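Here are some short exercises to work through with the structure in view. Try each task yourself before you read its solution.

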Amino acid sequence: MTKIVNSWNDWDPLKRVIVGRCDNSVIPPEEPATSEKVPVDSEMRGMWGLRPLATVERGNECLENLVKILEDHGVIVDRPTPLQWNQAIGTPDFRNDSMMTCMPPRDILLTIGSEIMAAANSFRCRYFEYLAYWPLMKEYFDEDPSFKWTQAPRPRLTDKSYKHNYYDEKISLEERLIRTANKDFVTTEIEPMWDAADVMRMGKDLFIQHGLTTNRAAMDWFQRYYPEYRVHAVNFPGDPYPIHIDATFVPLRPGLIINNPVRPLPEEQRAIFDANDWQIVDAAQPAHTEPPALCYSSVWLSMNCLVLDPKTVIVEASEVYQQEQMDKLGMNVIPCDLRDAYPFGGGLHCSTADVYREGTCEDYFPNRVKDPTLVRPEMWPEG
Ligand code: DAV
């Protein structure tokens, strides 16, 4: 019997992966969850509709560059089936004028061991995005008898799921940073909401970013759903638009993490890493001062790399400083031209979702200390 799905972290040798597609991608209309996420000065504000075809073709070309590199390294690559993302959608609780894309599978699919779970995303425009991956899930289900095909509880995303008037174009960067440091985000706590890209998997420990796309109720849900794993809530106060952990806190191999220097992990949240001799180093500066046109993400996609194994990493081709740093950290660097795919939803890590990495569930944090990040500390006594 074939084992198709198995992945416990972001660094074990990668053997099979999903790479997204840009086809039919849309800039979605503003809705409560997205209004805060699109930076105030973004040219995407007030704009919505299909993305220009030439950019879609160019984005897909970039993804093909990645597919080729992966296949040359013996990795099996699967691709989603895009929908007509410009269709309007509705549920009993909301209507939205369009969907978005299936470029960043990392936001939708969370692989933990032999389970792939579709997330409980907070953006209404992403409510049906999982459908693009269902043909692949069915294939894995038919071929791998141990594959667990799961959907997280679907959020209702009524108006009660969001704080209204949270978005305010007049609020300054300083005020925005105070708000995120105080863990005041656009989503309420009425139901668990989370993006898979906010979850950093490290064997027995899951580190989840509390931010604009993942709430505290989601952390509680995770700890109950996975009682055998330690669930940690982390947050990065230097980020005015905290979404997704993978341009902020990126593990390269056991014991080594690169951390966005403008979004450092607060001192008190480091205890568990310090106690287990994990090194947290500042990531290199991005090579660009601006993201590409019509892009939601920041220049820090520079650190959104894809680790192929603990000695090999794919880094975006123009990110020369990040490449240089990876080299100094003892990694073999494979450059990949992907920047024109950024506008569709992210970098190398975002564009992929793990299917199979060799390896098992390890405990990388055997030394237990007082750890304020634990979501349910009473479940994990010290010592
Ligand atoms: O820095 O804009 C991007 C993360 C995309 N998954 C940022 C976060």
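**Exercise 1.** Sort the lining of the second largest pocket by residue class.

*Solution.* Step 1: recall that a pocket is found on a 1 Å grid over the protein atoms alone, as an open set of points where a 1.4 Å probe fits, with protein on both sides within 12 Å along at least five of seven lines; its lining residues have an atom within 4 Å of a point.
Step 2: list the lining, which is K183, H210, R216, A233, V234, N235, E268, Q269, P372, T373 and L374.
Step 3: apply the classes, where Ala, Val, Leu, Ile, Met, Phe, Trp, Tyr, Cys and Pro are nonpolar, Asp, Glu, Lys and Arg are charged, and the others, Gly among them, are polar.
You should get 4 nonpolar, 4 polar and 3 charged residues.
Step 4: add the volume, the space filled by probe spheres set on grid points joined across faces, edges and corners; here that is about 160 Å³.

A word on the model: it is predicted, so local features need pLDDT of at least 70 and side-chain atom pairs count only at pLDDT 80 or more, while totals for chains, interfaces and linings use all residues. Residues are numbered from 1 along each chain as its sequence is written, and side-chain values use heavy atoms, with hydrogens and water left out.

**Exercise 2.** Explain why C22 forms no bond with C62.

*Solution.* Step 1: a disulfide needs two cysteine sulfur atoms within 2.5 Å.
Step 2: the closest cysteine sulfur to that of C22 belongs to C62 and lies 7.9 Å away, which is too far for a bond.
Step 3: searching the whole structure gives 0 disulfides.

**Exercise 3.** Find the partners of M117 around strand β8.

*Solution.* Step 1: strands are DSSP runs (E, at least two residues), numbered from the N terminus, and two of them pair if DSSP finds at least two bridges between them.
Step 2: β7 (residues 109-112) runs antiparallel to β8 with 4 bridges, and L110 stands opposite M117.
Step 3: on to β9 (residues 148-151), which pairs with β8 in the parallel sense over 4 bridges; there, T150 is the bridge partner of M117.
Step 4: look at the side chains of β8 (residues 115-118): E115 and M117 point one way, I116 and A118 the other, and all are buried (under 20% relative accessible area, 1.4 Å probe, protein chains only).
Step 5: check the hairpin of β7 and β8, with 2 residues between the strands, where G113 has a positive phi near 65 degrees.

Note on methods: Buried < 20%, exposed > 50% of the residue type's maximum accessible area, 1.4 Å probe, protein only.
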